[in-house]
Amino acid sequence: MIVVSAASGAFGRLVVDRLLEGSPAVRVVAAVRRPDGAADLAARQVDVRHGDYDDPATLRTAFAGADRLLLISSPELDTARRTAQHLAALDAAVAAGVGSVVYTSFLGADTQAEGLTAAHHATERALSTCGLPCTVLRHPFYTEAFVHPGLHAAVDAGELTDGTAGRGLNTALRGDLAEAAARVLTGDGHLGRSYDFTGSLWNHHELARALSRVRGGPVVRRERAGRAPGAQGWLEDQVRAGALERQTDDLRNVLGRPPATLDEAVAAVLARP
Ligand SMILES: NC(=O)c1ccc[n+]([C@@H]2O[C@H](COP(=O)([O-])OP(=O)(O)OC[C@H]3O[C@@H](n4cnc5c(N)ncnc54)[C@H](OP(=O)(O)O)[C@@H]3O)[C@@H](O)[C@H]2O)c1
């Protein structure tokens, strides 16, 4: 039996989809904070259980009987609280006697413990000493953070504006990362391993060219004069600093095929209104 925590989120739902499609004989349990919001999963023969990272007793019950647990990282932004949530989930996994844990970490969390990686770093350290067989899946930024329906406006205007200085990005679609997680959860030979998942490198010059193909006419890329507000500005700062240029073959190897290309990501995202 495979338990997926935070299964009601965008990534968790994709993992459940891939498990149901690829391994129909496997019993899948969705551990969710709000079971009322997961009626669609229950309707698909998924066993929905209450599992709240802030309520350890629910986690022990939710994880009971799991041969494999996919621990999807919490969306909590506060590092101390996020770390406490993950450690509570690990304690619950040990108490429930789960067979093994697969954890969704973030690229760099093995060596860095700042900002975004801090809670992941602490969780990876706890995983290494918890006594359970584990697999760590280090995710890059999702491609969807950059290739999103907002690009319809760039296609309409014939102009793409960004603050990345044209530097490369290693991102991956949630769908490819979900398929990789499902393969690790249902396959052999992954315990005790850590994977650094990245897609193929791309940049915003290539994105403008991909949008031109969608438009059937030119989409011109321009560097933004000022910094974008909020999360987008922060993300673009990371790209401009060259922090997202690392590339590995781990995702390709686990998938057994190349991850989606930029053109495929653009086509998938812009197919939606
Ligand atoms: N690599 C990246 O670019 C990237 C980007 C964003 C996030 N992430 C990380 O990857 C994870 C999955 O991403 P996503 O896109 O699927 O995020 P998402 O759609 O926001 O889903 C987050 C999930 O976490 C659940 N959750 C929130 N608080 C919880 C709690 N106390 N106990 C149990 N579950 C709780 C939410 O449940 P409800 O349905 O009840 O709200 C939801 O199912 C995120 O949680 C975050 O750690 C990665």
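Let me begin in the middle of the sheet, where strand β4, residues 68-71, and strand β5 pair in the parallel sense over four bridges. Within that pairing, L69 stands opposite V101 in β5. I should say at once that what we are looking at is a predicted model, and I will try to keep to what can be computed from its coordinates.

Staying with β5 for a moment, this strand is mostly covered, in that six of its seven residues are buried. Part of the picture around it is helix α5, residues 118-129, which lies across β5 (100-106) and β6 and runs at about 155° to β5.

Now let me step back to the sheet as a whole. Seven strands form an open sheet in the order β3-β2-β1-β4-β5-β6-β10, and the pairing is parallel. The edge strands are β3, at 47-50, and β10, at 194-196, each of which pairs on one side only. From one strand to the next, the twist averages 20°. As a general reminder, strands of a sheet pair through backbone hydrogen bonds, either parallel or antiparallel.

If we walk towards the β10 edge, we come to strand β6, residues 134-139, which pairs with β10 in the parallel sense over three bridges. One residue pair to look for on the screen is V136 with its bridge partner in β10, S194.

If we walk the other way, we reach β1 and β2, which run parallel and are joined by four bridges. Strand β1 has both of its faces covered, with I2 and V4 on one side and V3 and S5 on the other, all of them buried. Opposite V4, in β2, stands A30.

That brings me to A30 itself, which lies in strand β2, residues 28-32. Is A30 buried or exposed? It is buried, because 26 other C-beta atoms lie within 10 Å of its own, and the criterion for a buried residue is 20 or more. Leaving aside its neighbours within four places in sequence, A30 is in contact with V4, A7, V16, A38, L41, V46 and V48. For a sense of distance across the model, A30 and R209 are 179 residues apart in sequence and 40 Å apart in space, C-alpha to C-alpha.

Next, two backbone conformations that you may want to check for yourselves. A6 has a phi near 50°, a positive value in a residue other than glycine, and its place is in the loop between β1 (2-5) and α1. A6 is buried, since 25 other C-beta atoms lie within 10 Å. Q45, which is not a glycine either, has a positive phi of about 70°, and it lies in the loop between α2 (39-42) and β3. Q45, however, is exposed, because 10 other C-beta atoms lie within 10 Å, and a residue counts as exposed at 12 or fewer.

Let me turn to the domains and the ligand. The domain assignment of the protein chain gives domain 1, residues 2-139, and domain 2, made up of 140-172 + 198-246 + 257-273. The centres of domain 1 and domain 2, taken over C-alpha atoms, are separated by 29 Å.

Which domains supply the shell around the ligand? The shell draws at least three residues from each of domain 1 and domain 2. In total, 21 residues surround the ligand, and the closest are G9, F11, Y53, S73 and P75. The elements that give two or more residues to this shell are α1, at 10-22, and β7, at 141-142, and the largest share, three residues, comes from α1. By character, the residues of the shell divide into nine nonpolar, eight polar and four charged.

Finally, one residue in a loop further along the chain. P229 is found in the loop between β11, at 220-223, and α9, at 230-240. P229 is exposed, because its count of other C-beta atoms within 10 Å is 8. The C-alpha atoms of P229 and T261, which are 32 residues apart along the chain, are separated by 28 Å.

I will stop there and take questions.

Conventions
Residues numbered from 1 in each chain as written. Predicted model: local features only at pLDDT ≥ 70, side-chain atom pairs only at ≥ 80, totals over all residues. Pairing = 2+ DSSP bridges. Axes fitted to C-alpha atoms, helices over the stretch in contact; angles between N-to-C directions. Contact = placed C-beta atoms within 7 Å. Domains from an automatic or database assignment. Near = placed C-beta within 6 Å. Nonpolar A, V, L, I, M, F, W, Y, C, P; charged D, E, K, R; others polar.
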